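Here's a quick briefing to read with the structure open beside you. Start with the backbone oddities, then work through the sheet and the core.

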Amino acid sequence: MDALIAIASNPLQRTEEIVSPRTRRGCDQRVPLREPNSIAPHLSLPPGDGPAATFLTITNQRAGTTGIDRVTVRRSEMEKIAVWGFSWVPPFAQGLVRDLRVRWALEEAGLAYESRWIDTEERSSEAYRRKHPFGMVPVVESGDDTLIESGAIVHAIAERCEALMPAGRRAETLTWMFTALNTVEPPLWNLFVLDQLHAGEAWAKLRRAGAVEEAMARLTALSECLDGRDYLLGRFSAADVLMTTVLRFIRHTDLVAGFPTLDAYVKRCEARPAFQAALRGQIADYARNAPIAA
Ligand SMILES: N[C@@H](CCC(=O)N[C@@H](CS)C(=O)NCC(=O)O)C(=O)O
């Protein structure tokens, strides 16, 4: 069942206002996360109290009405979204755990959510493995639906929110989202792991120069791409949520600061109220769950 039909069929979830007429689209356009008769996870439309928000929704393919409607939906009439993260992590990892991306995207979209936490032991439990087969965070639950992989979750939110995926620029947004996760994140994450998880180990010391070189190559190219632009697409999008959270992995170094364009880009993105709210939420949760001795 697609998002629009789900809203229409639930008396508690009422479409408030059709902002634009339905437009017919080809099959290479926006597609629902859960196709008819498929078991792929699907993020239901949103929750919470607060003002109405505008989303792009996908219409029913089975009825032959494939297309996108832009609708305004009152948040209080929709389901709660739960975001799973770790109950606590040490300070060097706070503000870096990948549920931050999801929180940020939800904040940008104006969607209410609540936090759920697991600790290290629960992560391997059968119950949690049913949510996430690899025992990782983040996981998002919405109604009966469960979604894993931070990139897929941010994508699911972006598909429903023009503020994160500008109309007519889907391919560009996706390209930059994949670039953040597949091209920039690996060398930066590698450096994070070396420095923060294996500091002082002989092999890590030997590997570090090469890892810095690999990170620098990506940063140099990214800096050139961002030259003259405030955001990856010129305007803010889901790609910036992913890219900024990737660049933050090496906040313990001065590598990003060495590129004025990148430094300004990260600061610009981090200054967004939605990022600040997401970060505050994650840090507040760690404070709430901090081990007694910590
Ligand atoms: N590609 C996954 C990576 C998820 C991931 O590495 N999560 C970390 C926290 S940021 C985790 O759960 N680590 C625990 C583990 O590796 O077992 C995503 O983006 O969601």
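Proline 138 sits in the loop between helix 4 (126-131) and strand 6 (139-142), and a cis peptide bond with omega of about 5° joins valine 137 to proline 138. Keep in mind that this is a predicted model. Most peptide bonds are trans, and most residues other than glycine have a negative phi.

**Backbone spots to check**

- Glutamate 149 isn't a glycine, yet its phi is positive, near 75°.
- You'll find glutamate 149 in the loop between strand 7 (145-148) and helix 5 (150-158).
- Is glutamate 149 buried or exposed? Neither, quite: it has 18 C-beta neighbours inside 10 Å, so it counts as partly exposed, given that buried takes 20 or more and exposed 12 or fewer.
- Glycine 110, which follows helix 2, has a positive phi as well, near 75°.

**Strand 4 and its partners**

- Strand 4 (residues 81-86) has 5 of its 6 residues buried, so the rest of the structure largely encloses it.
- With strand 5 (residues 113-118), strand 4 pairs in the parallel sense over 6 bridges.
- To find your way along that pairing, look for glycine 85, whose bridge partner in strand 5 is tryptophan 117.
- Getting from strand 4 to strand 5 takes the chain through helix 2, and this β-α-β crossover is right-handed.
- Strand 4 also runs antiparallel to strand 6, with 4 bridges joining the two.
- On that side, alanine 82 stands opposite glutamate 141 of strand 6.

**Helix 2**

- How many residues of helix 2 (residues 99-109) are buried? The count is 11 of 11, so "mostly covered" fits by the cut-off of 20 or more C-beta neighbours within 10 Å.
- Charged residues are on the buried list too, including Asp99, Arg101, Arg103, Glu107 and Glu108.
- Trp104, Ala105 and Leu106 are also among the buried residues of helix 2.

**The largest nonpolar core**

- This core holds 54 residues, and Ala105, Ile157, Ala238 and Leu242 touch the most other members.
- Which helix gives the most to the core? That's helix 6 (residues 170-197), with 8 residues.
- The core draws at least three residues from each of domain 2 (81-163) and domain 3 (170-274).
- Ala105 is worth a second look: it is one of the buried residues of helix 2 and one of the core members with the most contacts to other members.

Conventions: Residues numbered from 1 in each chain as written. Predicted model: local features only at pLDDT ≥ 70, side-chain atom pairs only at ≥ 80, totals over all residues. Core = buried A, V, L, I, M, F, W, Y, C linked by C-beta atoms within 7 Å. Domains from an automatic or database assignment. Pairing = 2+ DSSP bridges. Right-handed = clockwise from strand over helix to strand, strands pointing away.
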